[in-house]
2 protein chains.
Amino acid sequence: MLEFSQLEMLIAFADQRTLSKAAEMLHLSQPTLTRAMKQLEEEFRVPLFDHRKNRLTLNENGQLAVEYARKLWQEAGDMVERVRSFDRAKHTLSVGACAPAPLWDLVPRLSSLYGSLTIGSEIRECQQLIQGLNEGTYQIIVLPEQIREPNWISLPWGQEHLFFSLPEAHPLAHRQGLEMRELDGENMLVFSNIGFWQELLMRKMPHSRFLFQSDRFSFNQLVRSSVLPCFTTDLSMKRNTTDYTGRVNIPILDPEANVTYYCHLLRSQAERFQAFLQDMRSREKDTDEW
Amino acid sequence: MLEFSQLEMLIAFADQRTLSKAAEMLHLSQPTLTRAMKQLEEEFRVPLFDHRKNRLTLNENGQLAVEYARKLWQEAGDMVERVRSFDRAKHTLSVGACAPAPLWDLVPRLSSLYGSLTIGSEIRECQQLIQGLNEGTYQIIVLPEQIREPNWISLPWGQEHLFFSLPEAHPLAHRQGLEMRELDGENMLVFSNIGFWQELLMRKMPHSRFLFQSDRFSFNQLVRSSVLPCFTTDLSMKRNTTDYTGRVNIPILDPEANVTYYCHLLRSQAERFQAFLQDMRSREKDTDEW
DNA sequence: GTAAGTTACGAGCGACGTAAAAATG
DNA sequence: CATTTTTACGTCGCTCGTAACTTAC
């Protein structure tokens, strides 16, 4: 019977051009290769090589066989890989979100509901999330708006409200509310990896320069020590990772700065995530939490 | 390493639903199957089966693996088949013709030119021949007309002229030439497997009934013993396989009944058939032969 | 009780490597 | 003379089958 090991040796010979080199490469003795090539010729029942006294070369049949062997070898590898990733997909749950805040309670929630699964989470652009959900890259995605698709399920997952954080001495610090255009042009401190917020800031405040900080510690230092205006949100403040003493946090009035998040998942996965859906629906009634 | 024998066993198990039946089918002991399935799980490093005490069933991973295994198994078979037929193609030369007569001298000619090759010949409809040449089913085709294709080579291969063969007592037996419509309506004796001629007869003599004879001996008997008109051609008469004594053979004047055959082959094969092409061209000058 | 899967064990065969020979440039 | 392929030979190891055990319907 044709065996993968034989195909491997054939491919190695095609690559190395001599049996000796191929044998060395595969950590086999050279006679083993000679035998394997003979066996292949017997199995195919056609000559695959030009057997000269001390030179073995592929003939046309052999070259064709090598082509097929490579394809088969590749597909055999794919087969194993696909089955493994299929299995892995059953033990992992990938969440994609448009912003970090929804993940703060979503991931722990999912962890406690699906203790046996590995929870992976990523922050990506909305368009990528939508595509990823359809392609199976994500099982659950969080978007800042509700998208109604017939084969999707969507349920609200809290709200988030953007604030300006101004030094007390700032001329606008006395205001109860602000529109983004009122600070357009000022240099702003911004924490990185804030998902869709970043695009929003740059769109609504095109004249501002944004000083992005990817390190939480550096960002906190700058918030405390500088007089640069920055951003925060209600969820961020509740989480208390940054000390805003000496600053006034003023709600931003623009409608785009006040979002409701929605979890979306494929209707075909409803059964798998039944526990999560029940949990979401029970929260939905308990509106105080938000 | 993954082995084809393991895939075979996996497929057999998927088909038979129990290891015992699969083992029986493959003429192996049942423990061999148990081991092979274990090995597969080790190679994939994911569970493929639901191991119950006395029942083994494929889980989802396993079902996926079986799908791939079937595909791979099929392709491995294809691989061998393709290489074999590729090799065979190098040792065979398939000729397709629209009528039998051109083959009478073409096949012996090719045999003597390419003694090491097996010559296969078939009579088919022109459309099938054209398709077959392009697809590689035939290396050489003979058509009753010249077709000019940029990547084809075409050269004439003789002429053939159709005759009516009438009993001497037939009212038209004295004529020097006849048109087909003049005998339309009479019952005619026809030898089978005459290629495109058959279609021509039926088209030009729609009111005649044709008594097809596929056996040469029966046909000859009927020609001798009956007074039914029949057909012959100059090439057929030269070949002398039928005794026309007591009959008058009268040329048919319709242009379609007087054809020049053309051999066609792919220009890409010109080198391979160089000897044949030279031979054809030298005959072409020697017009007396026709 | 029958039929299925798993485990244990022993034997046989086959695959591999070493060694030697032959050939080529 | 170095490199390569092929052949011969001996041994190690792996694979297979038999047999015994366990379980379920």
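## Two protein chains and two DNA strands

The domain assignment splits chain A into domain 1 (4-88), domain 2 (90-158 + 261-283) and domain 3 (159-258); such bounds come from an automatic or database domain assignment. Measuring between C-alpha centres, domain 1 of chain A and domain 2 of chain A lie 46 Å apart.

A word on the ground rules. This is a predicted model, in which local features need pLDDT of at least 70 and side-chain atom pairs count only at pLDDT 80 or more, while totals for chains, interfaces and linings use all residues. Residues are numbered from 1 along each chain as its sequence is written, and chains are lettered from A and ligands numbered from 1 in the order in which they are written.

### How the two chains meet

Chain B goes onto chain A by a rotation of 180° with 0.1 Å of shift along the axis, at an RMSD of 0.3 Å. That is how a two-fold axis relates its copies. The fit is by least squares on the C-alpha atoms of residues with pLDDT of at least 70 in both copies. Which residue of chain B comes closest to the rotation axis? B:Glu3 does, with its C-alpha at 2.8 Å.

The contact draws 22 residues from chain B and 22 residues from chain A. On the chain B side, helix H1 (4-16) and helix H4 (60-91) are the elements that give two or more residues, and H4(B) supplies the largest share, 14 residues. By class, that side of chain B has 14 nonpolar, two polar and six charged residues. For contact, two residues need C-beta atoms, placed from the backbone, within 7 Å. Helices (H or I, at least four residues) and strands (E, at least two) are DSSP runs, numbered from the N terminus. As for the classes, Ala, Val, Leu, Ile, Met, Phe, Trp, Tyr, Cys and Pro count as nonpolar, Asp, Glu, Lys and Arg as charged, and the others, Gly among them, as polar. The copies meet through the same surface, because 100% of the interface residues of chain B are also interface residues in chain A.

H4(B) deserves its own look. Its 32 residues should span 46 Å at 1.5 Å a residue, and the end C-alpha atoms are 47 Å apart, which agrees; the expected span is 1.5 Å times one less than the number of residues. Buried residues in H4(B) are B:Gly62, B:Ala65, B:Ala69, B:Leu72, B:Ala76, B:Met79, B:Val83 and B:Asp87. Here a residue is buried if 20 or more other C-beta atoms, placed from the backbone, lie within 10 Å of its own, exposed if 12 or fewer, and partly exposed in between. The cover over those buried residues includes H3 and helix H4 (60-91) of chain A, plus H1, H3, strand S1 (49-52) and S2 of chain B.

### Around the DNA

Both strands have residues of chains A and B among their nearest. A residue is near a strand if its C-beta atom, placed from the backbone, lies within 6 Å of it.

| DNA strand | Residues around it | Nearest residues | Classes |
|---|---|---|---|
| C | 18 residues | A:Ser29, A:Lys53, B:Leu19, B:Pro31, B:Asn54 | five nonpolar, nine polar, four charged |
| D | 17 residues | A:Leu19, A:Asn54, B:Ser29, B:Lys53, B:Asn54 | five nonpolar, nine polar, three charged |

For strand C, the elements that give two or more residues are H3 of chain A and, from chain B, helix H2 (19-26), H3 and strand S2 (55-58). For strand D, they are helix H2 (19-26), helix H3 (30-44) and strand S2 (55-58) of chain A, along with helix H3 (30-44) of chain B.

### A few loop residues

A:Arg17 has a positive phi near 75° without being a glycine, and it sits in the loop between helix H1 (4-16) and H2 of chain A. B:Arg17 also shows a positive phi, about 75°, in the loop between H1 and H2 of chain B. With 13 C-beta neighbours inside 10 Å, B:Arg17 counts as partly exposed.

Elsewhere in chain B, is B:Ala270 buried or exposed? It counts as exposed, because it has 12 C-beta neighbours inside 10 Å. B:Ala270 lies in the loop between strand S11 (258-266) and helix H11 (274-285). Neighbours within four places in sequence aside, B:Ala270 is in contact with B:Ile153 and B:Leu277.
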